[in-house]
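I opened this notebook page to record what I looked up, beginning with a single helix and working outward from there.

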Amino acid sequence: MSHSFFRRKLHSLSGILPLGIFLMVHMFINSMATLGQENFNRGVSLLHNIPYLWFLELVVIFIPILYHAFYGIWVVYLTRNNIENYRYFRNWLFYMQRVSAVITLMFVTWHVVVLRFSEGVISNSITFEFVATALNQPVILVLYLIGLLASFVHFANGLWSFLASWGITVGEQAQRTAAYACFAVFIILTAVGINALLAFI
């Protein structure tokens with residue numbers, strides 16, 4: 001097995017496990033805002049009091065994100081998009097995967113800096129009020145909407161690619177069915193994400 005093949009497979013896998021799972025958990029915690037301030041604060045507090053959280057974040061989140069991001073940047077750099085000559089659907093999705101990757105990377109970096117290393121977070125105050133204050137600024141809200149949509153597009157399309165490249169969906173019919181399923185995942189995540197954001201408004 002070549003090193004290039006292994007890196008591509010690891011890049012594909014890291015986008016689903018653990019990053020895809022983390023995205024789902026993140027949306028679940030955010031959705032607790034729909035149940036009120038106390039429930040959201042309780043969920044965040046429970047998450048932040050997990051034993052050995054720093055180790056789990058390093059191994060399960062930050063290292064996979066860094067690998068996925070840096071290898072992804074390399075792939076984007078090497079990729080020559082040809083949507084003007086080949087306008088079929090999968091080629092557009094291939095192009096959108098690269099565009100959404102760049103937007104998602106910028107969004108995640110900004111999100112981590114603002115909510116993880118800001119003064120408010122250092123003082124251990126990620127609360128409903130803290131998030132609501134940020135999201136009630138129109139520019140911040142719009143940036144979050146764009147970032148979330150890009151993240152969901154990237155994950156759903158990456159999920160389809162993962163299923164195909166790992167030989168889970170073999171054949172045109174299986175891949176077409178997977179495309180519908182992945183589109184449904186995108187719709188569900190979008191609905192959940194927007195609903196969670198609106199709970200803070």
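I began with helix H3, where I found Phe40, Gly43 and Val44 listed as buried. These three cover an arc of only 95 degrees around the axis, which puts them on the same side of H3. I kept in mind that the model is a predicted one.

I reminded myself of the geometry behind such a pattern: an α-helix has 3.6 residues a turn, so residues three or four places apart point the same way.

Next I looked at the other side of H3, where Glu38 and Leu46 are exposed. I also checked the dimensions of H3, which covers residues 37–48 and has 12 residues; from its first C-alpha to its last it reaches 17 Å, close to the 16 Å expected at 1.5 Å a residue.

Which helices do the buried residues of H3 pack against? I noted two partners, helix H2 (19–31) and helix H7 (128–135).

I followed the second of these partners and looked up H7, in which Phe128, Val131, Ala132 and Leu135 are buried. They cover an arc of only 100 degrees around the axis, which puts them on the same side of H7. The buried residues of H7 pack against H3, and also against helix H8 (138–165) and helix H9 (172–199).

I then turned to the surface and asked which residues make the nonpolar patch of about 930 Å². I wrote down Leu47, Ile50, Tyr52, Trp54, Phe55, Leu56, Leu58, Val59, Val60 and Ile63. Helix H4, which runs over residues 53–78, gives the most to this patch, with seven residues.

From the patch I singled out Trp54, a residue found in helix H4, and asked whether Trp54 is buried or exposed. Its relative accessibility is 60%, and because the cut-off for exposed is over 50%, Trp54 counts as exposed.

Last, I took down the values for the whole protein. Its secondary structure comes to nine helices and zero strands, and from the N terminus on the elements run α-α-α-α-α-α-α-α-α. Buried residues make up 36% of the 201 residues, while the accessible surface comes to about 12,500 Å², with 72% of that area belonging to carbon and sulfur atoms. Among contacts with a separation of 6 or more, I noted that 74% are accounted for by residues 24 or more positions apart.

Key. Residues are numbered from 1 along each chain as its sequence is written. This is a predicted model: local features need pLDDT of at least 70, side-chain atom pairs count only at pLDDT 80 or more; totals for chains, interfaces and linings use all residues. Side-chain values use heavy atoms; hydrogens and water are left out. Patches are made of residues with over 30% relative accessible area and no salt bridge: like charges are joined within 9 Å, nonpolar side chains (Val, Leu, Ile, Met, Phe, Trp, Tyr) within 5 Å. Accessible areas come from the Shrake-Rupley method with a 1.4 Å probe; for residues, only the protein chains shown count as cover. A salt bridge is a side-chain nitrogen of Lys or Arg within 4 Å of a carboxyl oxygen of Asp or Glu. Helices (H or I, at least four residues) and strands (E, at least two) are DSSP runs, numbered from the N terminus. Buried means under 20% relative accessible area, exposed over 50%, partly exposed in between (1.4 Å probe, protein chains only). Contact means heavy atoms within 4.5 Å. The expected span of a helix is 1.5 Å times one less than its number of residues. The arc is that of the directions from the helix axis to the C-beta atoms.
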